[in-house]
Amino acid sequence: MLAAFATDFSRDDPLSVLQVGERPEPECPSGWTTVSVRAASLNHHDLWSLRGVGLKREQLPMILGCDAAGVDEDGREVVVHSVINDPDWRGDDTLDPRRSLLSERHQGTLAERVAVPRSNLLEKPRELSFEEAACLPTAWLTAYRMLFGRGRLRPGETVLVQGASGGVATALVALGRAAGLRVWATARSEEKRRRALELGADEAFESGARLPERVDAVMETVGSATWAHSVRSLRPGGRIVISGATSGDAPPAELTRIFFLQLSVIGSTMGTREELARLMRLCVQRGIRPVIDQTLPLADARRGFERMLEAEMFGKIVFTV
Ligand SMILES: NC(=O)c1ccc[n+]([C@@H]2O[C@H](COP(=O)([O-])OP(=O)(O)OC[C@H]3O[C@@H](n4cnc5c(N)ncnc54)[C@H](OP(=O)(O)O)[C@@H]3O)[C@@H](O)[C@H]2O)c1
């Protein structure tokens, strides 16, 4: 079957180890099932995998991709929850110390077919296309948990979203808007700031710009490049929710400011199956749809990876099968 996969690792030239070509059909252990993928979306996670983050050499070649929407063996239209838990784990899916995402221990979704535990399938709402549904399980689910789970944001609060054009960030802007937050966003280009306003941000600022007033919470996925600005943008007692560090993970920690202003730094990762179900209901009920930058056939996956590597996109890149 056709798939996009990592043949090796390269920190500096991740696309040199990306191959789009034939891979064997997935193996399906007991309790698992095979989904025929109709659409799969690209995440920054896939670039990290090509760079060797979170993967061991003996796992190569590894099919990339965390997100998929497709058709299961019974002909049901489904969305795949990407967090794979230890079968004995009980409790919050994201707290299982043995959890992994598809494409970390098990082959990923950028393929014609993917094997997943049956319990990881959710029914795809009719109202969402396969392409839209394929954007939800990683970037949008992460944003949902950041805002409403870990961040506990309340209507009327002001939230700053750093790096507004990313997959997670566009979800933060759209969901924050829908939930009655005042949403401020930063982005590095004027075009991206314009798009953030169109998407629902109340104001958009250049990255690092001084804000008119301090905010209740910051949503961080950029890391080193924006960390100092995030810390400085918070009111006393404010909180940063962080789920990623695209530009690097070792900025000065700003410890003095954090304790003196009693700031909270809150980690957030993915979301549970129940949160994914609630996110899908929210999208259906409120008519929210993921921002799709480009839809490409899986055979042209390299073009999508190039676009993400150059940070040219606004929203999600989706591959169709
Ligand atoms: N913990 C989790 O469960 C989880 C889940 C999903 C994602 N993540 C992580 O979150 C991050 C974002 O993921 P994604 O899929 O949304 O990635 P993405 O779509 O590639 O978005 C990355 C965005 O980060 C901003 N950015 C990158 N480098 C920057 C720099 N040097 N300075 C300022 N901004 C920069 C850009 O925003 P602008 O160009 O608009 O400024 C870019 O659009 C990744 O690191 C990913 O691994 C974690």
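How are helices H3 and H8 oriented to each other, roughly parallel or roughly perpendicular? In this predicted model, the axes of helix H3 (residues 136-150) and helix H8 (residues 273-286) come within 10 Å and cross at roughly 90°. Angles of 65 to 115 degrees count as roughly perpendicular, and H3 and H8 are therefore roughly perpendicular to each other. On the H3 side, the contact is formed by Leu136, Pro137, Trp140, Leu141, Tyr144 and Arg145. H8 contributes Glu275, Leu276, Arg278, Leu279, Met280, Leu282 and Cys283. Sorted by class, the residues of this contact comprise 10 nonpolar and three charged residues, with no polar ones.

A second helix pair is formed by H1 and helix H9 (residues 301-309), whose axes lie 10 Å apart and pack at an angle of about 95°. This angle makes H1 roughly perpendicular to H9. Within this pair, His44, Asp46, Leu47, Leu50 and Arg51 of H1 meet Phe305, Met308 and Leu309 of H9. The contact between H1 and H9 consists of five nonpolar residues, one polar residue and two charged residues.

His44 of H1, which takes part in the contact with H9, is also one of the residues that come nearest to the ligand. The ligand is surrounded by 26 residues, of which His44, Ser165, Gly167, Lys192 and Ser243 come nearest. By class, the shell divides into 14 polar, 10 nonpolar and two charged residues. Polar atoms of the protein approach the ligand from both side chain and backbone. In the side chain of threonine 246, an N or O atom is 2.9 Å from an oxygen atom of the ligand. A backbone N or O atom of methionine 270 lies 2.8 Å from a ligand oxygen atom, and a backbone N or O atom of serine 268 is placed 3.5 Å from a ligand nitrogen atom. On its own, the ligand has 920 Å² of accessible area, and the protein covers 88% of this area. Two or more residues of the shell come from each of the elements H1 (44-51), H3 and helix H4 (167-178).

Two features of backbone geometry were also identified in loops. Most residues other than glycine have a negative phi, and most peptide bonds are trans. The peptide bond from leucine 60 to proline 61, however, is cis, with omega near -10°. Proline 61 is located in the loop between H1 and strand S4 (62-63). Glutamine 262, although not a glycine, has a positive phi of about 55°. This glutamine 262 is placed in the loop that runs between helix H7 (255-260) and strand S16 (264-267).

Definitions and conventions
Residues are numbered from 1 along each chain as its sequence is written. This is a predicted model: local features need pLDDT of at least 70, side-chain atom pairs count only at pLDDT 80 or more; totals for chains, interfaces and linings use all residues. Side-chain values use heavy atoms; hydrogens and water are left out. Axes are lines fitted to C-alpha atoms, for helices over the stretch in contact, and angles run from 0 to 180 degrees between N-to-C directions. Helices (H or I, at least four residues) and strands (E, at least two) are DSSP runs, numbered from the N terminus. Angles under 35 degrees count as roughly parallel, over 145 as roughly antiparallel, 65 to 115 as roughly perpendicular and the rest as oblique. Contact means heavy atoms within 4.5 Å. Ala, Val, Leu, Ile, Met, Phe, Trp, Tyr, Cys and Pro count as nonpolar, Asp, Glu, Lys and Arg as charged, and the others, Gly among them, as polar. A residue is near a molecule or strand if one of its heavy atoms lies within 4 Å of it. A polar contact is a pair of N or O atoms within 3.5 Å; within protein, one must be able to donate a hydrogen and the other to accept it, and residues adjacent in sequence count only if both atoms are side-chain atoms. Accessible areas come from the Shrake-Rupley method with a 1.4 Å probe; for residues, only the protein chains shown count as cover.
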